[in-house]
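Here's a walk through one model, from a helix and a pocket to some backbone oddities. Have the coordinates open while you read.

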Amino acid sequence: MFARTVLRSAGPVRQSIRSYATEAPKSSSSSTPWIVGAAAIGAGAAGYAFLGSNKATADAPKPSEDATTAAKTTPPAKAFTGGDQGFVDLRLAEVIPYNHNTKRFRFELPEPDHVSGLQVASAIITKYKGPTQDKPVIRPYTPINEEDERGFIELLVKVYPNGPMSEHLHSMNPGQMLSMKGPIPKYPWAPNKHEHITLIAGGTGITPMYQLIRAIFKNPEDKTKVSLVFGNVKEEDILLKEEFEKIENEFPQRFRAFYTLDNPPESWPYGKGFITKELLKEVIPDPKSGNIKVFVCGPPGMYKAVSGAKVSPTDQGELSGILKELGYTKEQVYKF
């Protein structure tokens, strides 16, 4: 069992700590600070029985049943297959405002019965070349919809000043096309791979964390415990908070979310200020407590302070910063 986990409180400065329960309760019914919020990142078939009117008919092959069985056992086609597959142009079907600087973008896959082809954890890359640009802009994003949903993918994108891809996306209208490619493999997740994982995110670095959380709590066989430390500048910058609250209410013995803001309102009941060594020491498991893993995703300043930066998509680089000071090893940390 882990000695340190997160629990919200009504206190004005920080949340209090408690251990996870082994079972769900029964019921009758300061180190280097960093400023968050600047991340670049981010069906079932119906079966039926057919009754024949005579023995010959009953003994005869039943094409409709065969077709139904085949539909159930044949996996859906994938829009993104990786490898040598080139970029795929997808049509923007819908733009859904999210908050003051973020929108959801729903893109149609090539066929209505396609799935994206992404696995947990993986991402797609987008490509756009403007009329005045010498080279195309390429940016990775992690879709926020389920990997087995058919016919579309959905991106949650915050616009940044002088961010060429985010500005282009926010200028798009339904019917326009965008080039994408994937899947881009990240961390190969498997149920119960770790006893406890900690997700440290800033800004739109939350989307790969959400992909992991969705997969874990969708699978009844996966008993992994999850702590989320999520930093932003202002309250209105917090993404997917309603989704996390729903999971926290459904799995209170296995999921805790800790929020901290650089510029909180007076009534803010959770964490205030930067993510620091003192904060992480209190809210994440001890590095010697068992089979644990820490995931980090956010702006460059966050990586520098918390874990050190990646060298490249295939080179995690050395571990440094707060996590190294707290005694975690390079093998215990993954940088998205």
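## A helix wrapped up by its surroundings

Twelve of the 13 residues of α4 are buried, so this helix is largely enclosed by the rest of the structure. Keep in mind that this is a predicted model. The buried set in α4 runs through Ile206, Thr207, Pro208, Met209, Tyr210, Gln211, Leu212, Ile213, Arg214, Ala215, Ile216 and Phe217.

What about the length of α4? The helix takes in residues 206–218 and reaches 18 Å from its first C-alpha to its last, close to the 18 Å expected at 1.5 Å a residue.

## The second largest pocket

If you're after a spot to look at with your pocket tools, here's one: the second largest pocket holds about 220 Å³ of space. Its lining is made up of Glu146, Tyr210, Arg214, Phe217, Glu243, Lys246, Ile247, Glu250 and Phe251. Sorted by type, that lining has four nonpolar residues, no polar ones and five charged ones.

Which helix gives the most to this lining? That's α5, with four residues. Both α4 and α5 (241–250) supply at least two residues each. Tyr210, Arg214 and Phe217 are on the list of lining residues, and in α4 these three count as buried.

## The annotated binding site

The UniProt record, an unreviewed entry, carries a "binding site" annotation on Arg139, Pro140, Tyr141, Leu156, Lys158, Met165, Ser166 and Thr207. Thr207 takes us back to α4, where it is among the buried residues. Met165 and Ser166 belong to α3, and both are buried there.

Two of the annotated positions are worth a closer look. Arg139 lies in strand β6 (residues 137–141) and is partly exposed, with a relative accessible area of 31%. Leaving aside neighbours within four places in sequence, Arg139 is in contact with Ile124, Ile125, Thr126, Pro164 and Met165. Met165 carries the "binding site" annotation as well.

Lys158 sits in strand β7 (residues 152–158). Is Lys158 buried or exposed? It's buried, at a relative accessible area of 3%. With neighbours within four places in sequence set aside, Lys158 is in contact with Asn101, Thr102, Ser166, His170, Thr204 and Asp237. Of these, Ser166 is another annotated position. Lys158 and Gly203 are 45 residues apart along the chain, and their C-alpha atoms are separated by 8.7 Å.

## What covers α3

Helix α3 spans residues 164–171, and its buried residues are Met165, Ser166, His168, Leu169 and His170. The elements covering those buried residues include β4 (102–108), β5 (122–128), β6, β7 and β8 (177–185). The contacts of Lys158 fit this picture: Ser166 and His170 are among them, and Lys158 itself is in β7.

## A loop residue with a distant partner

Lys234 is in the loop between β10 (225–232) and α5. It's partly exposed, with a relative accessible area of 40%.

Which residues does Lys234 touch, leaving aside neighbours within four places in sequence? Leu261 and Asn263. Lys234 and Asn263 are 29 residues apart in sequence, yet 5.4 Å apart in space, C-alpha to C-alpha.

## Backbone oddities

Let's start with the cis peptide bonds. One joins Val120 and Ala121, with omega at about 0 degrees; Ala121 is in the loop between β4 and β5. Another runs from Gly182 to Pro183, with omega near -10 degrees, and Pro183 is in strand β8. That strand is also part of the cover over the buried residues of α3.

Then there are positive phi values outside glycine. Asn192 has phi near 60 degrees and lies in the loop between β8 and β9 (196–202). Asn192 is partly exposed, with a relative accessible area of 38%.

Leu240 isn't a glycine either, but has a positive phi of about 65 degrees. Leu240 is in the loop between β10 and α5, where Lys234 is found too. Leu240 is buried, at a relative accessible area of 1%, whereas Lys234 is partly exposed.

Methods
Residues are numbered from 1 along each chain as its sequence is written. This is a predicted model: local features need pLDDT of at least 70, side-chain atom pairs count only at pLDDT 80 or more; totals for chains, interfaces and linings use all residues. Side-chain values use heavy atoms; hydrogens and water are left out. The expected span of a helix is 1.5 Å times one less than its number of residues. Buried means under 20% relative accessible area, exposed over 50%, partly exposed in between (1.4 Å probe, protein chains only). UniProt positions are given in the numbering used here, feature names are shortened, and annotations may be inferred rather than shown by experiment. Contact means heavy atoms within 4.5 Å. On a 1 Å grid over the protein atoms alone, a cavity is a set of points where a 1.4 Å probe fits but cannot get out, and a pocket is an open set with protein on both sides within 12 Å along at least five of seven lines; lining residues have an atom within 4 Å of a point. Grid points are joined across faces, edges and corners, and a volume is the space filled by probe spheres set on the points. Ala, Val, Leu, Ile, Met, Phe, Trp, Tyr, Cys and Pro count as nonpolar, Asp, Glu, Lys and Arg as charged, and the others, Gly among them, as polar.
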